[in-house]
Amino acid sequence: MSKKQQNLRIIPLGGLAEVGRNMMLIEYQRKILIIDMGFRLPEEDMPGIDYIIPNISYLKGREKNILGIVFTHGHYDHIGAVPYLIEKIGNPPLFTSKLSRGIILKRQGDFPYQPKLAISEVKDGSKINLGPFEIEFFRINHNIPDNLGLFIKTPIGNILHTSDFKFDQNPINDLPTNFERLKEIGRREILILMSDSTGAEEVGHSLSEKEIFKNLEEIFKRAPGRIIAATFASLINRIQQIIILSEKYQRKVAIEGYSMKTNAEIAKVLGYLESKKGTLIKTKEIGNYHDSKITILCTGAQGEGQAVLMRIANREHPFIRLKKGDTAIFSSSVIPGNERTVQIMKDEILRQKAQVFHYKMMDIHAGGHGQVEELKEMIKIMKPRFFLPIHGQYSMLVRHGGIAKSLGIPEKNVVIAENGQIINLNQKRIFIEEKSIPSYYVMVDGLGIGDVGEVVLRDRQMLARDGMFVIVAVVDRQTGKVKGSPDIISRGFVYLRESKELLAQTRKKVIEIVDRTAGSGGAINWSYIKDEIRNKIGGFFFTKTKRRPMILPVIIEV
Ligand SMILES: [Zn+2]
């Protein structure tokens, strides 16, 4: 053997704890294939953050080795980061199904300075060759149409990536799971199975889309007035079910929220969403119909500040005000940490006399993912040598790993990895490299990408919690003494008029600190003085008020 055998490397990336859901890298002899490029919504304690996108610093300097990106499906947690990252990695070729392609292209169009995407359409059975990888796509059910699993042939062995999936024999507007095709793939010697773990902590079998439809119908049957159904903009199946039910109960449907409206339009144009002529109306027209003939479909089931349901609940929506007789349907939160916001919104809706149905299946991750029985079935069909649970929080991965072991996969062949870890494998063994790649999350706010670091976030948290306190001191450069009395501006910390005593003490302390640290004569270290003010006044405030406002010392030299 002249050439040293190189292992295959698999690297999950993405925001926060969900392993590999947003992005994964497959690397062989430095050639890199990327699977998905999505984002995650922020948690409650990240003020002003819009999205969390995968950290791609590993790809810096490796752009020419990137062969392309394959997308499994059109959910934003799998495609949403494209406009933020694609240019940075050299705009490589993209491959995905018709609907996912439509959604990706539409989103890219919202970012006018972004490059044109080279995005090819693939479907069930398509094969593409990218360097050492041959990728074959196969159809698999989820809660969005046109979802594709991946069979990847590599020089080391075959990889199977399930995408997000469930087995559904009664889907809506989609074909049932093709078990014959899956079994045929399972006979090709799968070296490693990477399988969706979202449902690993739920026993039994996921609900079929038809059952979810029946549950929703119960709500439609009893709703006396308008129905306001909040779900995710890319949860096309739920949007379809609401439209079908509205038609069945002679309701018109107004779709509110830019992203949901555009996704629905794309899905309709491409034939993945059906509605009768006249069903969809503009929100402005809802007043032309009786309340019992109206459905409003909107975003914001998670309590996102800018989303439609939140604006309706806060009476900030231009046309829609809640009233008695209204029925709001929304999901439980997908993101642990957003429960409080959702609870506040729910209370606000109830205060306005509407009724609320908290229906878990409106959640993007509920209902769309195989549960224990399906996960077992997948492992039995694919009979992999190695098993890597992906797409889930750590506890779900551990549970999924346990399922694999219970089916006879040896413990040493099951790997529970975290984002940024490098999984190495060859025909004989699988292991995690000691060194990880950077995977701390990158935040996007309205203004930019990644320039919101953890420091900025901490500042925002501090401002939101304890307010800010600006101290302006005029200091004589010659003497190093404060001239006059320092000015104080306080926001969100204490009410100035009621805190005269505290402020007087603060002024006195500032003068003392400057006098002591500036000394007399010679160069004055202004940044040291500012640090001293920040630390000493910070400690003083904490002993007096038990709060830590952000302190901004401003020193004007004269
Ligand atoms: Zn999904």
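Which helix gives the largest share of the positive patch? I opened my notebook with that puzzle, and here is how I worked through it.

**Entry 1: the model**
I reminded myself that I am looking at a predicted model. I then looked up the overall make-up of the protein chain, and found 14 helices and 26 strands. I asked for the box around the C-alpha atoms, and along the principal axes it came out at roughly 85 × 80 × 45 Å.

**Entry 2: inside and outside**
I looked up how much of the protein chain is tucked away. Of its 558 residues, 57% are buried. I also checked the surface: the protein chain exposes about 24,500 Å², and carbon and sulfur atoms supply 51% of that area.

**Entry 3: contacts**
I took the contacts with a separation of 6 or more and asked what part joins residues 24 or more positions apart. The share I noted for the protein chain is 73%.

**Entry 4: charges**
I counted side chains by charge and wrote down 81 positive and 63 negative ones. I then compared where the two sets sit, and their centres lie 1 Å apart.

**Entry 5: the positive patch**
Back to my opening puzzle. The members of this surface patch are K508, K509, R516 and K544. Helix α13, which covers residues 500-518, supplies three residues, the largest share of the patch. I picked K509 for a closer look, and found this lysine in helix α13. Is K509 buried, partly exposed or exposed? K509 has a relative accessibility of 32%, so I wrote it down as partly exposed. The reasoning is friendly enough to follow: partly exposed covers the range between under 20%, which is buried, and over 50%, which is exposed.

**Entry 6: two positive phi angles**
Next I looked for residues other than glycine with a positive phi, and I kept notes on two of them.

My first note is on N91, whose phi is near 45°. I found N91 in the loop that runs between α2 (82-85) and β6 (94-96). Its relative accessibility is 24%, so N91 counts as partly exposed.

My second note is on K383, with a positive phi near 40°. Where is K383 placed? I traced K383 to the loop between α10 (372-382) and β19 (386-390). K383 counts as exposed because its relative accessibility is 53%, and the cut-off for exposed is over 50%.

**Entry 7: what I will remember**
I am keeping two things from today: helix α13 gives the positive patch three residues, and N91 and K383 each have a positive phi without being glycine.

Terms used: Residues are numbered from 1 along each chain as its sequence is written. This is a predicted model: local features need pLDDT of at least 70, side-chain atom pairs count only at pLDDT 80 or more; totals for chains, interfaces and linings use all residues. Side-chain values use heavy atoms; hydrogens and water are left out. Patches are made of residues with over 30% relative accessible area and no salt bridge: like charges are joined within 9 Å, nonpolar side chains (Val, Leu, Ile, Met, Phe, Trp, Tyr) within 5 Å. Accessible areas come from the Shrake-Rupley method with a 1.4 Å probe; for residues, only the protein chains shown count as cover. A salt bridge is a side-chain nitrogen of Lys or Arg within 4 Å of a carboxyl oxygen of Asp or Glu. Lys and Arg count as positive and Asp and Glu as negative; His and the chain ends are not counted. The place of a charge is taken as NZ of Lys, CZ of Arg, CG of Asp or CD of Glu. Helices (H or I, at least four residues) and strands (E, at least two) are DSSP runs, numbered from the N terminus. Buried means under 20% relative accessible area, exposed over 50%, partly exposed in between (1.4 Å probe, protein chains only). Contact means heavy atoms within 4.5 Å.
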